[in-house]
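The following exercises concern the overall fold, a helix pair and a pocket. Each task is followed by a worked solution.

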Amino acid sequence: MHAHDRFLPEWFNRIRSRQITLPRFQRFMAWGHGEVSGLLTTVLRGLPSGATLILEVGDEEKFKSRTMVDAPESGEKVTEQLLDGQQRLTALWRSLHDKYADRSYLIGFEDDPGDGATKLPYVYGQARWSKNGSRYPMWVDDPKECWGRGFIPIALLRPEDILPEIRQWIAAAVRNDHDQKDKLFDEIIALRDKVKAFNLPYLALPAKTPKEVALDVFIKMNTSSVHLSTYDIVVALVEEETGKSLHEHVDALNIAVQRAAEYADLPGLVLDVVALRQDRIPSQAGYRGIDYTQMLNEWDTVVKGIRGMVSFLEEESIFDAQRLPSYTAIPIIAALWEHLPTQPDKLGNARLLLRKYLWRSFLTSRYEQSSTSNALQDYRGLRKVLCDRAAEDVVPILNQESYPLPTKEMVLQADWPKRKTILGRGLLSLQLKCGAEDLADGARATVATITSKEHPREYHHLFPAATLDDADIPDEQIFRALNCALVTWRTNRTISDKDPITYLKERADNCALGEEEMKRRLKTHLIPYLRLAVGYDGISDDVRRARVKNDYEVFLLARAEILAKAAGCTCEGKALELNQLLNDVD
């Protein structure tokens, strides 16, 4: 097969006319908002993003098909089925048409790390939520406010004839400043040209390809991608420059700090820590300038920093990568470890600073875009506070105006924690910090209980998914962080799809200390007992469905209020008072 060029406008034409569809067996949209932002940034910077795979369609489709999310359901005859590339094309289509209910994608500009005089475009996914018929935050849809913050909506770049819409937005953004209007118009047109010129090449299987062969190619393309990694290249450069093996050093680190690999790919973590310590961006661009001789000479300090990082994360009840809200923060903590003071009072203040930083990295939008350049800025600011006694406001992530803590409305929209979203996992981490005791066996969340292979914790729906589905509540509302608690797999099987009041009563009846102990365990998950203790026996289906909708909404609102308050306390370094947090709501 040979790769064929196809530019984004042509892809969009085929999606719009429904000439291209997806085989029904393809998984649904799985990308998080960080991946969408990253792809859009790639497009605006004129970088490639790989090839796609299509199956040409002859007289009839070999596989039952479906349209992409938010694409037209009818149109012309289907001529192609997309076997590989769904995530990229769906992300481009939905973001450029502003189809995400909980995000709007905006273009910002940042300094080029290699040339401070040049500005590079990046894309930021701004969280959105609806309340009383309005979409918040409102500034996103206000051109003057949006441009005043330095952003341009990505939707203005969609490859369609929308010049009147663009001029209208510019006129509202800069009003009577004609020079600024012309400059902004030229900027937007240049960005639109980038989108129009974006080439997403494809490989094509001919229509006569047997069905089983097409399916085999699809499976292999999605499971067997092998390429030379950045780390492989660095290993070769270290060997050439120093005559020593980086593999051996990393293997020794893995033995010395055994749990480090539970949080991240160890080679990548090492490179990020070293890059930060040498004042470089923790990315491929930064790795190229690393002094490898210096790295190996200071290896003991690197190991000590990673050991300290692991200990610190465990103290904050962050136990593994599977539940880590944001990787970006952990190499920063490891790189800063050597700068912690030894005098007890000063050390206590330094650790408080790191706690504030860590939880803000988990509960704000700071690392949802441009995470590597933002990481270096935050590292430099934190280092100034620790070493030069600078004020905390030199650390960008600690700026409340730029990176506010999540509101109750934002908490309501937080995604299911098993998915790779920062806020969803951050809210789950708050519960682990509170103890997150199992509802049946009472075991507290610890390294042993959370990472156990024999008795693993599972993501449990507090309001059962089957109950909510029967009440016609959509999946996106069922799979919310607020409806989740970590329990053992045995407890999860015992609870199954029972009404909340039923499984809570069973736990209370089986507990030697009764209902009060059950309530106490729920508090360790920041769950309001009175808003969860609901049941639906002995009522008609219509009444039950109406009550489920109402009870679920009341529960979500109450728990959102609790978690928003808990987020505020934690990010200020304050202890969480569970009784006060929950009693205010109950």
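Helices, such as those compared below, are DSSP runs of H or I with at least four residues, and they are numbered from the N terminus. The model is predicted.

**Exercise 1.** Determine which helix gives the most to the lining of the second largest pocket.

*Solution.* The second largest pocket holds about 400 Å³ of space. It is lined by 16 residues, and the closest to its centre are Leu 412, Gln 477, Glu 553, Leu 556 and Leu 557. At least two lining residues come from each of β7 (129-131), α17 (408-413) and α26 (541-571). The greatest contribution is that of α26, with 5 residues. Classified by type, the lining comprises 7 nonpolar, 3 polar and 6 charged residues.

**Exercise 2.** Establish how α18 and α26 are oriented towards each other.

*Solution.* Helix α18 (residues 422-433) packs with α26 at an angle of about 75°, and the axes lie 10 Å apart. Angles of 65 to 115 degrees count as roughly perpendicular; α18 and α26 are therefore roughly perpendicular to each other. On the α18 side, the contact is made by Leu 427, Leu 430, Gln 431 and Lys 433. On the α26 side, Arg 559, Leu 563, Ala 566, Ala 567 and Thr 570 take part. By class, the residues of this contact are 5 nonpolar, 2 polar and 2 charged.

**Exercise 3.** Assess the protein chain against the globule rule.

*Solution.* The protein chain contains 27 helices and 12 strands. Its radius of gyration is 26 Å, close to the 25 Å that the globule rule gives for 586 residues, so the chain is as compact as a globular protein of that length. Along the principal axes, its C-alpha atoms fill a box of roughly 70 × 70 × 60 Å.

Conventions:
Residues numbered from 1 in each chain as written. Predicted model: local features only at pLDDT ≥ 70, side-chain atom pairs only at ≥ 80, totals over all residues. Heavy atoms only, no water. 1 Å grid on protein atoms, 1.4 Å probe; cavity = no way out; pocket = protein on both sides within 12 Å on 5 of 7 lines; lining within 4 Å. Points joined across faces, edges and corners; volume = space filled by probe spheres on them. Nonpolar A, V, L, I, M, F, W, Y, C, P; charged D, E, K, R; others polar. Axes fitted to C-alpha atoms, helices over the stretch in contact; angles between N-to-C directions. Parallel < 35°, antiparallel > 145°, perpendicular 65-115°, else oblique. Contact = heavy atoms within 4.5 Å. Rg over C-alpha atoms; globule rule 2.2 N^0.38 Å.
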